[in-house]
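Trainee: I would like a close look at chain B: how it is put together, how far each part of it can be relied on, and how it meets its partner. Please take your time and connect the points as you go.

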Amino acid sequence: MFKNKKAIGLEWYMLIVAIFMGVIWFYIAMQNAKTIPNYVGEHQFSILKTANSAENALFYIDQSAKYSLEQTIYNLVSNGGVFEIEANNDDKLVHPCGTYNGAYVWFQIAKDADKTLVTDCINEDVLEANLEYEFNTKLNEHILEYPSNILLDNYKYTINDGIEITGMAANPITFNIGNEKIKTTTITAKSSEVNPIISSDKDLVEFSKTVTAKTPQGDVDMSGICPRGVSCVLTKDAYDMLVKAQKRAKDHGTSLQITSAYRSIENQIAIWSGDTTSHYAQRYPDENERRKWVCYPYGSDVGQRCPHLTGNAVDIRLNGRAMTTSDWKLLEKIMLEAGWVRYANEPWHFECCNTQRYARAQELGVQVLV
Amino acid sequence: MKYKIFNSKKGIGIDDAIPVMVVIFVVAIMFMLFKFSEHSKEKGITDNIQQQKELVQGHDSLMGYLTSITNGMNNADLVAASYLNKDKSAEDSIKTYFSSRLPNINGWRVKIEDSKEKEFLDLKYGFYDKSPLKYQVAESVIPVKNGETLKITLYFAKGNPGAINSPIDRQ
């Protein structure tokens, strides 16, 4: 080769290199063309689409409220304005004057020896309470039919003249833009009494639409754990423990159902103040009595005192069970096996991870405590 | 130098120029392909933005229809009542509203299904069936008094040049 008198040109080698580089360049260009990252206005359109979903949901609620009121008035009139259910408390009440030929009696006139007793069996307060109760029940029925999850029992009603009902939402309806992982930031306090309690950038997991959870031990069926109308948000650690509990429940031939999980401070204040249809403030006007049922949402230590605010507490039950004593016992067994700690005064309330109660339980080596 | 070249007895063979010609040819082909891919990319972006705009337009139209009030009731009530009465009384109001609201769309379709996904109404307008590109632009769910729901879906049709701004044949 080195003795060859004929010169060897580089052009063919250069041609091969040029073609090779060209192919690589073209391949890279085509790869970029396949994905269009962050085109102009992408995020804005994403927000607009979310706003459209919100508008759809609000319109659905408006329409549902209109039909619910019509149905409620019809039902009330059919029943003579009486429902034998005390508003906001499912205890059955008996109408004081009973019925006559199947109709509730409004006035009762009774003769007792020489006296005539006239009893007015209907009062406006009962009528309003019944109207509100029936209206809320009907509205919930409509809301449950909506494809997205809208919170139930989320309105504080005011009944105005002319049978006009105004509903104020206690908690905002949330529509996530993007993925289902929620990053909370420091919560803005509504009142000077309230302290922000959630540390910024806490990882919360929204699992209302989760059907299957993947674990190293295999897939866990999570369908039905979050019923419609319930906000299902927990910390990642709590969610992992919930998956564990669900797996244990399946082993026992049953499954779990959340009734309450993470609450925002606004949500907790609304529950405390009676701004939701649970009406705790009205049922327990005495604050000391109310504290037995609802966590007091004010003060600097609220974040430690109210476990639902941490995202590490759940109110839970067995799916489709009547929750008899044996059902509560089975629920406790399942949850404790998965590592949760139960609040001794409430068979449905369990905590995990870094709540005060959980830490104390760990110290004491118990799994049930006050 | 000039003398040397023109008076050279040695011929210049075309084979000496082949590598250069091949390089130029390959570069030209790649440049054209690159320009084409860039064009496709830009077109993709433009189409995407256009489609997003149509989603907004579709939503506005659908909500505009449902919330429009006629004779003391909004059109959502009208559709729900039409469903309950098993009649097609909502058909005319849908055709009138959307044909006046969407004059520049080649064709549109409004489909209404109940909660069991059983079709209640399916209205097509303009060149909807003939258009090669059809897509959903808006969807809304409304309640019915009996506790059911109705899903109303709006579709647009595109890709029929000449039909834009031209009289639309009623189907």
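Mentor: Begin with confidence, which is expressed as pLDDT, the predictor's confidence in each residue on a scale from 0 to 100. The model is a predicted one, in which local features need a pLDDT of at least 70 and side-chain atom pairs count only at 80 or more, whereas totals for chains, interfaces and linings use all residues. Residues are numbered from 1 along each chain as its sequence is written, with chains lettered from A and ligands numbered from 1 in the order in which they are written.

Chain B has an average pLDDT of 81, and 84% of its residues reach at least 70. That average covers a range, for among the elements of the chain the lowest mean, 60, belongs to helix α1(B), residues 2-6, while the highest, 95, belongs to α3(B); these elements are DSSP runs numbered from the N terminus, helices being H or I over at least four residues and strands E over at least two. At residues 160-171 the pLDDT remains under 50, and for this stretch the model has 14 contacts beyond four places in sequence, a contact being two residues whose C-beta atoms, placed from the backbone, lie within 7 Å. For the complex as a whole, the predictor reports an ipTM of 0.74 and a pTM of 0.70.

Turning to architecture, chain B contains 4 helices and 6 strands, which follow one another along the sequence as α-α-β-β-α-α-β-β-β-β. If we set aside the pairs with a separation under 6, then 60% of the contacts in chain B join residues 24 or more positions apart; in chain A, which has 10 helices and 16 strands, the corresponding share is 62%. Of the 171 residues of chain B, 25% are buried, as are 28% of the 370 residues of chain A. Buried here requires 20 or more other C-beta atoms within 10 Å of a residue's own, exposed 12 or fewer, and partly exposed a number in between, with the C-beta atoms placed from the backbone.

One backbone detail of chain B deserves a look, namely B:K86, which sits in the loop between α3 and α4 of chain B. Although this residue is not a glycine, its phi is positive, near 55 degrees. B:K86 counts as exposed because it has 7 C-beta neighbours inside 10 Å.

Now to the partner. The contact between the chains takes 31 residues from chain B and 30 residues from chain A. On the chain B side, the elements that give two or more residues are α2 (18-67) and β5 (133-143), and the largest share, 22 residues, comes from α2(B). By class, this side of chain B has 19 nonpolar, 10 polar and 2 charged residues, where Ala, Val, Leu, Ile, Met, Phe, Trp, Tyr, Cys and Pro count as nonpolar, Asp, Glu, Lys and Arg as charged, and the others, Gly among them, as polar.

Residues of both chains also come together in the largest nonpolar core, a term for buried Ala, Val, Leu, Ile, Met, Phe, Trp, Tyr and Cys residues joined through C-beta atoms within 7 Å. This core has 40 residues, and those with the most contacts inside it are B:V79, B:W108, B:I142 and B:L150. At least two of its residues are supplied by each of α2 (42-78) and α3 (124-144) of chain A and, from chain B, by each of α2, α3 (75-84), α4 (90-101), β3 (107-114), β5 and β6 (149-158). A good residue to select in the viewer is B:I142, since with residues up to four places away in sequence left out, its partners include A:Y60 and A:Q63 across the interface as well as B:L66, B:A76, B:V79, B:A80, B:T149, B:L150 and B:I152. A second core, separate from this one, has 34 residues, A:C232, A:V243, A:A249 and A:V341 among them. Nonpolar side chains tend to be buried together in soluble globular proteins.

To draw the thread together, α2(B) is the element to follow, as it gives 22 residues to the side that touches chain A and also supplies at least two residues of the largest core, while residues 160-171 of chain B, with a pLDDT under 50, call for a cautious reading.
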